[in-house]
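Trainee: I've got a model open and I'd like to learn how to read it. Could you walk me through a few features?

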Amino acid sequence: MLETMGDLKRTDYCGDLRSSDAGSKVVLMGWVHRRRDHGGLIFLDLRDRSGVVQLLFNPDNRDAYAKADEARGEYVLAISGTVVMRPEGRVNPNIPTGEIEVVPDKVLVLNTSKTPPFGIANGLEPDESVRLRYRYLDLRRPEAQRNLMMRHKIVKAVRDFFDARGFCEIETPSMIKSTPEGARDYLVPSRVNPGRFYALPQSPQLFKQLLMIAGFDRYVQIARCFRDEDLRADRQPEFTQVDVEMSFVQADDVMALVEDMIREVFDETLDTKLPRPFARMTYPEAMLKFGSDKPDTRFGLGISDLTDVVRGSGFKVFASAAASGGCVRGFAVPGGGSLSRKELDDLSARAVSLGAKGLVWMVVEGDGVKSPTAKYLSDDELASITGRLGAHAGDLVLIVAGDERTAATVLGSLRLDMGARFELVKPGFSLCWVTEFPLFEYSDDQKRLVAVHHPFTSPMDEDLPLLLDGSAPAKDLLRIRAKSYDLVLNGTELGGGSIRNHRRDVQQALLDRLMIGHEEAAERFGFLLEALEYGAPPHGGIAFGLDRLVMLMTGSASIRDVIAFPKTASASCPMTGAPAEVDPEQLVELRIRTLGIREQPPK
């Protein structure tokens, strides 16, 4: 028979009790984590979010003993009892409460439980589809609870940091105008304005710039954002970012502030001291040395350019790439010469799958170089290649020839593969800034220039004349550098920011280069363009993914592990069934008609 709490009030959390509490009367409430019957003595581990404590039942207290005898995993209990020291031989050094146990004098069974679809106490992680279907049970697992409690501590540390430095936390709208430039918007139909739609914000970007114009020179927000895009381990359709904006600052000011914030958060929550300043490299440097704009700097295997070494080489693949404006790049893998021929062939196949026309490999031996291409290269060229890459006997050299983008993509991926295969990745946290991204890149799909970050980023001062030159060809505009900066942690982009355009003429010129005409610009961004004419101060900021930060700090494999109720890779919720069909009357009220599954939308 189920009971009520009555006037019983919890005095302590299970996991907080220690030897100093011995002799104290306590009231605990929680779930049965484990049950052990030792034939005369019954032990229950009682669990709440703080941890577990062992309860000892003996037949002397018939009522309490009988309830313990009936109790099963995940039953909800309230108990009152006395904290006692465990006798020698029953101490458990593996848990914080291992020196004590509680002898209950009263037990209330507040609720029973069906057998869960997976074990909560066995330490085994169930299949993710089952976990998300029963997320409320999955969140009972101590591992899951630790992640969310760590998230809470991180958020508090972030808020405390910015509050102490005069930032004002301001909420921006969650129903805004759709200004598509990047990922797809989630749209919300308006009932009172039929045929019109709100968009859920992908970012508070425009509003935080307007707050700078309004005079709130230090803004921060723990912002919910939404993007209708394909998902990966570190992406969700709804996510949380720490959004920051400041007036009268340069890029160095923003980066210095964020470094202080990250260091303080790590110190407060993980008791980890991060070095300062964080490493910095420009975008071209990152792409050359690491083949990525989010480099994992926990290990070496730096990529080097070999184009000058092989220019005019007898090996036509190298000579052709150098002569046509491409490049030849490679890196050395210490001890990589131990790979078998099949493993080397597999590497070549992977390089081709990533876009390379082929992969040149060389194994450095004591008396020379072993490689299918060695016969096409002179001894001087081979010596120059191995010397440039710092390769020694027993090392493996990997080289790709082609355009810069392909070489960077292929070698960057192979570098990560080799770092993992040869266990070169050092434990811990390695942060770096990547700066001076290109302002524009060319989109083959759209056949026009697009913004690398977003269309409100300021160009470097030295490159501003080129942006304002209305006659500059697209190939020259690709040389314009942005006042932008990304923060990277262990090869994952934590966030990015920039100094913004605070002059209307500069902002208008940038939109012109993106082929967003004045009429379209006025329709999509007119309120911002007008605001820039009313004394907009120089300003800049950054936004970084809170979910990603918590994922990396907790060592989780996916951001789904650090979000209370995440979506699957198909943007659905197995627990609630979202997204779901709605009542046809709602669609009528909104004046919306849906197409059949096989019905094609009009072009």
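Mentor: Sure. One term first: a residue counts as buried when its relative accessible area is under 20%. Also keep in mind that this is a predicted model.

Trainee: Okay, let's use that on a strand. How many residues of strand 22 are buried?

Mentor: Seven of the seven, across residues 539–545, so strand 22 is largely enclosed by the rest of the structure. Look at the two faces: His 539, Gly 541, Ala 543 and Gly 545 point one way, while Gly 540, Ile 542 and Phe 544 point the other way. Both sets are buried.

Trainee: And how do I read what sits beside a strand?

Mentor: The general idea is that strands of a sheet pair through backbone hydrogen bonds, either parallel or antiparallel. Here, strand 10 (residues 238–247) runs antiparallel to strand 22, with seven bridges joining them. Strand 21 (residues 492–499) is also antiparallel to strand 22, joined by five bridges.

Trainee: Which residues are the bridge partners of Gly 540?

Mentor: Met 246 is one partner of Gly 540, and Ile 499 is another. Next to that, Ser 498 stands opposite Gly 541.

Trainee: In what order do the strands of the sheet come?

Mentor: It's an open sheet of eight strands, ordered 6-9-10-22-21-20-17-11, with mixed pairing. Strand 6 (168–169) and strand 11 (279–282) are the edges, each pairing on one side only.

Trainee: Now a helix. How do I read which way its residues face?

Mentor: An α-helix has 3.6 residues a turn, so residues three or four places apart point the same way. Try helix 6, residues 251–270: its buried residues include Ala 251, Val 254, Val 258, Ile 262, Val 265 and Thr 269. Glu 259 is on the buried list too. End to end, the 20 residues of helix 6 reach 28 Å between the first and last C-alpha, close to the 28 Å expected. Right after helix 6 comes Asp 271, with a positive phi near 55°.

Trainee: Last one: how do I find empty space?

Mentor: Rolling a probe the size of a water molecule over the atoms shows where empty space is left. In this model, the second largest pocket holds about 640 Å³. It is lined by 31 residues, and the closest to its centre are Ser 50, Gly 51, Val 52, Pro 142 and Arg 146.

Trainee: Which element gives the most to the lining of the second largest pocket?

Mentor: Helix 4, with seven residues. Strands 1, 2 and 3 each supply at least two. By class, that lining has eight nonpolar, 12 polar and 11 charged residues.

Methods: Residues are numbered from 1 along each chain as its sequence is written. This is a predicted model: local features need pLDDT of at least 70, side-chain atom pairs count only at pLDDT 80 or more; totals for chains, interfaces and linings use all residues. Side-chain values use heavy atoms; hydrogens and water are left out. Buried means under 20% relative accessible area, exposed over 50%, partly exposed in between (1.4 Å probe, protein chains only). Helices (H or I, at least four residues) and strands (E, at least two) are DSSP runs, numbered from the N terminus. Two strands pair if DSSP finds at least two bridges between them. On a 1 Å grid over the protein atoms alone, a cavity is a set of points where a 1.4 Å probe fits but cannot get out, and a pocket is an open set with protein on both sides within 12 Å along at least five of seven lines; lining residues have an atom within 4 Å of a point. Grid points are joined across faces, edges and corners, and a volume is the space filled by probe spheres set on the points. Ala, Val, Leu, Ile, Met, Phe, Trp, Tyr, Cys and Pro count as nonpolar, Asp, Glu, Lys and Arg as charged, and the others, Gly among them, as polar. The expected span of a helix is 1.5 Å times one less than its number of residues.
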